Amino acid sequence: MMEITEGSHAVAEAVRLCRPQVVSAYPITPQTHIVEALADFVANGKLDAEYITVENELSALSACVGASAAGSRAYSATTSQGLMLMAEVVFNAAGMRLPIVMSIANRAMGAPLSIWNDMQDSISLRDAGWLHFYAEDNQEATDLHFLAFKVAEDPSVQLPVFVCFDGFILSHTYEPVDILTQEQADTFLPAFAPAEKLDAKDPISFGMYATPEYYLEFRYETNEAQKRAKDAIVKYGKEFGALFGRDYSAMIEEYRLDDADTAIVAMGSMCGTIKDAIDEMREEGKKVGLLRIRVFRPFPIEEVAKALAHVKRIAVLDKNVSLGSRGGATAIEVRDALYGSTIPVKGYILGLGGRDIRKKDIKEIVSLCEKGIGDQFYGLRKELI
Amino acid sequence: MKELRIHGRGGQGSVTAAELIAVAAFEGGAYAQAFPAFGVERRGAPVQAFVRFDNKKIRKRSQVYEPDYIIVQDSTLIKDVNVFLGVKPGGIVIVNTEKKPDFKVPEGVRLITIDATSIALKALGLPITNTTLMGAFAAASGEIQFGALENALKHRFPGELAVKNIAAAKTAYDSVKGAA
């Protein structure tokens with residue numbers, strides 16, 4: 001049913017409907033409202049789960065690892081510094097092939113301390129083996145949790161998932177969201193049936209010591225599972241669409257891209273503002289389109305290359321930066337996807353630490369791209385440098 | 001699309017006001033979006049919150065720079081913050097003050113002053129003016145119906161507190177309607 005509510009609350013409702021058996025998290029701005037709501041649900045009997053309160057994020061994800069290995073559907077949520085405190089367990093969860101789902105209310109990394117939004121946190125852990133989903137609005141932030149558990153738990157995948165949405169910009173925004181009923185959620189997402197689990201009667205091990213004769217194959221297998229996740233996303237994204245009318249089978253979204261001369265590539269909530277800017281530029285006669293990346297891991301290399309094959313130039317907008325490289329993570333991926341092509345790709349780092357992104361910024365970036373100017377931090381306050 | 005910017009100080013309930021106005025607009029059949037200016041929340045510090053109204057899905061995520069409506073919860077902000085910045089011609093500015101205005105709003109903008117602090121003190125026993133100003137906003141803008149505002153307040157506040165806040169909002173609503 002459509003209701004108007006805060007993004008964090010909509011996400012918490014979705015998580016409740018996914019029936020996690022174990023929730024363990026530590027509050028951190030701007031994610032706190034999610035775990036507060038889940039703690040309330042458990043305390044009030046609205047969610048039949050074990051809510052494990054812990055002393056920090058390292059313990060939160062560790063508790064989820066134990067719970068998941070023992071065969072429970074496990075969930076956590078965090079952001080920024082909290083995610084970094086979890087980092088070693090983030091790698092372990094993927095290496096152990098545990099289908100944990102974690103919400104990331106994206107936030108900048110310190111120092112300097114910033115509670116505001118960018119995507120440096122989750123992007124910095126892109127090599128850990130988790131799937132990465134990025135939402136444009138709160139409807140998607142909500143729906144992607146159902147898809148995340150379904151894909152994560154598929155026997156061909158068995159990988160954990162980050163469901164990422166912009167901190168504050170989505171987490172603290174009230175807007176209409178269609179939240180599934182429990183019956184609908186149960187139709188799409190049945191109970192977790194793990195292929196392997198810790199059982200005292202039939203002992204096995206997760207995350208064992210791997211000598212050089214074995215380790216390489218573990219990383220290979222995890223990468224193969226990432227590749228198979230594409231098929232699972234297509235399959236279950238389509239199933240979700242057939243049931244509820246919102247199809248998430250595509251890992252990318254194309255907006256007015258068919259006949260575009262200039263393609264913008266971006267992720268997350270800024271894509272809404274970009275679409276409005278594109279409509280205005282189109283009215284002014286500029287053929288601009290958007291390629292939005294919803295699934296960053298596995299990266300949709302073929303889909304991106306195909307969707308961009310016809311354009312004259314590409315502006316990639318990143319709310320993160322790989323310091324010491326040519327730019328942001330998305331630009332690096334897009335260049336890789338287009339390797340061998342002669343289409344110029346320009347990267348723009350923007351919106352870091354909560355700097356607002358306006359339609360006029362998008363238009364200015366398109367103008368810069370047309371002039372071949374790019375691979376830069378956009379919107380720098382020159383007086384501060 | 002219409003846009004509202006609320007200026008207040010931390011603790012005056014500007015974010016709550018934005019949320020409840022969006023809830024009331026949604027009940028009236030509009031698409032609405034409400035969000036705070038993501039500052040460092042401290043009691044007394046200048047804060048902003050925003051609402052957008054449209055008859056179709058709102059995709060834009062930037063802050064509000066050219067509002068159709070402005071609510072100023074605390075007139076002492078006017079000397080510190082350019083609260084009227086960017087207001088559209090034909091726009092409406094609602095300022096909580098008990099004094100005659102010693103400030104000017106831009107040309108072509110309608111100014112409504114209301115002594116929301118006195119109304120709130122009388123109805124709630126507290127100088128928390130957000131719900132009072134929501135009543136004034138409903139009357140001045142027509143973006144939300146008073147009935148929908150009443151429902152939003154009932155849903156947010158328990159029993160007696162809801163009744164008191166509705167009374168405060170109604171006093172302001174009637175006062176602005178009467179003056180129009």
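In this predicted model, 25 residues of domain 1 of chain A are in contact with 19 residues of domain 2 of chain A. The domain assignment puts domain 1 at residues 2-244 and domain 2 at residues 252-384. Taken over C-alpha atoms, the centres of these two domains of chain A are 27 Å apart. On the domain 1 side of that contact, helix H6 (120-123), strand E6 (131-134) and helix H9 (215-244) of chain A each chip in at least two residues. H9(A) gives the largest share, with 5 residues. Sorted by class, the domain 1 side that touches domain 2 of chain A has 13 nonpolar, 5 polar and 7 charged residues.

Helix H9 of chain A is also home to Phe218(A). Is Phe218(A) buried, exposed or partly exposed? It has 16 C-beta neighbours inside 10 Å, so Phe218(A) counts as partly exposed. Once the neighbours within four places in sequence are set aside, Phe218(A) is in contact with Gly95(A) and Ala210(A). Leu198(A) sits 20 residues from Phe218(A) in sequence, and the C-alpha atoms of the two are 19 Å apart in space.

Next comes the inside of the model. The largest nonpolar core has 127 residues, and the members that touch the most others are Phe133(A), Ala148(A), Val151(A), Val161(A), Val265(A) and Leu317(A). Helix H7 (residues 138-153) of chain A supplies the largest share of this core, 8 residues. Where does the core lie with respect to the two domains of chain A? Domain 1 (2-244) and domain 2 (252-384) of chain A both give residues to this core, so it lies between them.

Phe133(A) gives a closer look at this core. Leaving out its neighbours within four places in sequence, Phe133(A) is in contact with Leu144(A), Ala148(A), Val161(A), Phe162(A), Val163(A), Cys164(A), Arg294(A) and Val295(A). There is also a second, separate core, made up of 59 residues, with Leu20(B), Leu133(B), Met134(B) and Phe137(B) among them.

That leads over to chain B. Its secondary structure adds up to 5 helices and 6 strands. Read from the N terminus, the order of elements in chain B is β-α-β-β-β-β-β-α-α-α-α. The radius of gyration of chain B is 15 Å, close to the 16 Å that the globule rule gives for 180 residues, so chain B is as compact as a globular protein of that length. Its C-alpha trace spans about 40 × 40 × 35 Å along the principal axes. Of the 180 residues in chain B, 48% count as buried. Looking at contacts in chain B between residues at least 6 apart in sequence, 59% join residues at least 24 apart.

Helix H3 (residues 130-141) of chain B deserves a paragraph of its own. This 12-residue helix reaches 16 Å from its first C-alpha to its last, close to the 16 Å expected at 1.5 Å a residue. How many of the residues of H3(B) are buried? The count is 12 of 12, so to speak of H3(B) as mostly covered is fair. Among these buried residues are Leu133(B), Met134(B) and Phe137(B), which also turn up in the second core. Other buried residues of H3(B) include Asn130(B), Thr131(B), Thr132(B) and Ser141(B). Just past the helix, Gly142(B) takes a positive phi of about 75 degrees.

Asn130(B) in H3(B) is buried, and Asn130(B) is also one of the contacts of Gln12(B). Gln12(B) lies in the loop between strand E1 (2-9) and helix H1 of chain B. Why does Gln12(B) count as buried? The reason is its 23 C-beta neighbours inside 10 Å, because 20 or more is enough to make a residue buried. Neighbours within four places in sequence aside, Gln12(B) is in contact with Gln73(B), Asp74(B), Ile128(B), Thr129(B) and Asn130(B). Val81(B) is 69 residues from Gln12(B) along the chain, with 16 Å between their C-alpha atoms.

Finally, the two chains meet. Chain B brings 16 residues to the contact and chain A brings 19. On the chain B side, helix H1 (14-27) and strand E2 (31-36) are the elements that give two or more residues. The largest share, 6 residues, comes from E2(B). By class, the side of chain B that touches chain A has 9 nonpolar, 3 polar and 4 charged residues.

Note on methods: Residues numbered from 1 in each chain as written. Chains lettered and ligands numbered in written order. Predicted model: local features only at pLDDT ≥ 70, side-chain atom pairs only at ≥ 80, totals over all residues. Core = buried A, V, L, I, M, F, W, Y, C linked by C-beta atoms within 7 Å. Helix = DSSP H or I, 4+ residues; strand = E, 2+ residues; numbered from the N terminus. Domains from an automatic or database assignment. Contact = placed C-beta atoms within 7 Å. Rg over C-alpha atoms; globule rule 2.2 N^0.38 Å. Expected span 1.5 Å × (residues − 1). Nonpolar A, V, L, I, M, F, W, Y, C, P; charged D, E, K, R; others polar.
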